[in-house]
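Colleague: I have not seen this structure before. Could you take me through it?
Modeller: Certainly; please have it open in front of you.

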Amino acid sequence: MPRLQSLALEIEERSEGGSPVPGPTHVRRVVVAHAPALFVVPCGDALCRDGGHDVTNAVMRALRANETRFEGQDACTGSIGAAQCSRVLHFVGIATYA
C-alpha cells in the first residue's frame, strides 16, 4: 500500500447476541512503515482455546480500494470447553492516503 499514510483500527468484542462485552474499545494504531500485512487479533476471552480473529482479507480489501473508513466483523474460531466461542469482533478502520 504505497499511498497509505496512517491506519487505525477500533476494535470491540461483542457476544453472539450483539451486545458489547464489558471493557473498553481498543484502538490499534498501525505503524505503516513497519507493519506486516497481517491483521490477527486474539480472542479476548481468557477461557477461549485456539481462537482469534483474522481480519486480514477485509482490511486489505478496503485498503486496496482506498477506503478512508470501513468496518466489519469476525466470529471467533475457538472453543470454550466443548462449545464454540461466542465472541464476535467488530472493527472500524480509519485510513489516510497520500
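Colleague: Which side chain meets that of Glu13 in a salt bridge?
Modeller: This is a predicted model, and in it the side chain of Glu13 forms a salt bridge with that of Arg87, at 2.8 Å from N to O. Glu13 belongs to strand 1, while Arg87 sits in the loop between strand 7 (83-84) and strand 8 (88-97), so this pair ties together parts that lie 74 residues apart in sequence.

Colleague: Are Glu13 and Arg87 buried or exposed?
Modeller: Both residues are buried. Arg87 counts as buried because its relative accessibility is 16%, and the cut-off for that class is under 20%.

Colleague: With which other side chain does Arg87 meet in a salt bridge?
Modeller: Arg87 also meets the side chain of Asp45, at 3.9 Å from N to O. This pair again links distant parts of the chain, since Asp45 is in the loop between strand 3 (40-41) and strand 4 (53-54), 42 residues from Arg87. Asp45 counts as buried as well, at 17% relative accessibility.

Colleague: How many salt bridges are there by this rule?
Modeller: The count comes to four. One of them joins Arg69 and Glu71, whose closest N and O atoms are 3.1 Å apart. Here Arg69 counts as exposed, at 52% relative accessibility, and Glu71 as partly exposed, at 46%.

Colleague: And which residues do shared partners join into one network?
Modeller: Glu13, Asp45 and Arg87 are joined in that way by their salt bridges.

Colleague: Let us change topic. Where does Arg14 lie?
Modeller: Arg14 lies in strand 1, which covers residues 4-14. Its side chain makes a polar contact with the side chain of Glu12, at 2.8 Å. Arg14 is partly exposed, with a relative accessible area of 25%. The C-alpha atoms of Arg14 and Leu89 are separated by 6.2 Å, although these residues are 75 positions apart along the chain.

Colleague: What about the whole chain: how many helices and strands are there?
Modeller: The chain has one helix and eight strands. Read from the N terminus, the order is β-β-β-β-α-β-β-β-β.

Colleague: What share of the residues counts as buried?
Modeller: Of the 98 residues, 36% count as buried. The chain exposes about 6100 Å², and carbon and sulfur atoms supply 53% of that area.

Colleague: And what percentage of the contacts with a separation of 6 or more comes from residues 24 or more positions apart?
Modeller: Such residues account for 57% of those contacts.

Notes
Residues numbered from 1 in each chain as written. Predicted model: local features only at pLDDT ≥ 70, side-chain atom pairs only at ≥ 80, totals over all residues. Heavy atoms only, no water. Helix = DSSP H or I, 4+ residues; strand = E, 2+ residues; numbered from the N terminus. Buried < 20%, exposed > 50% of the residue type's maximum accessible area, 1.4 Å probe, protein only. Polar contact = N/O pair within 3.5 Å; in protein donor to acceptor, adjacent residues only side chain to side chain. Contact = heavy atoms within 4.5 Å. Areas by Shrake-Rupley, 256 points an atom, 1.4 Å probe, with all protein chains shown as cover.
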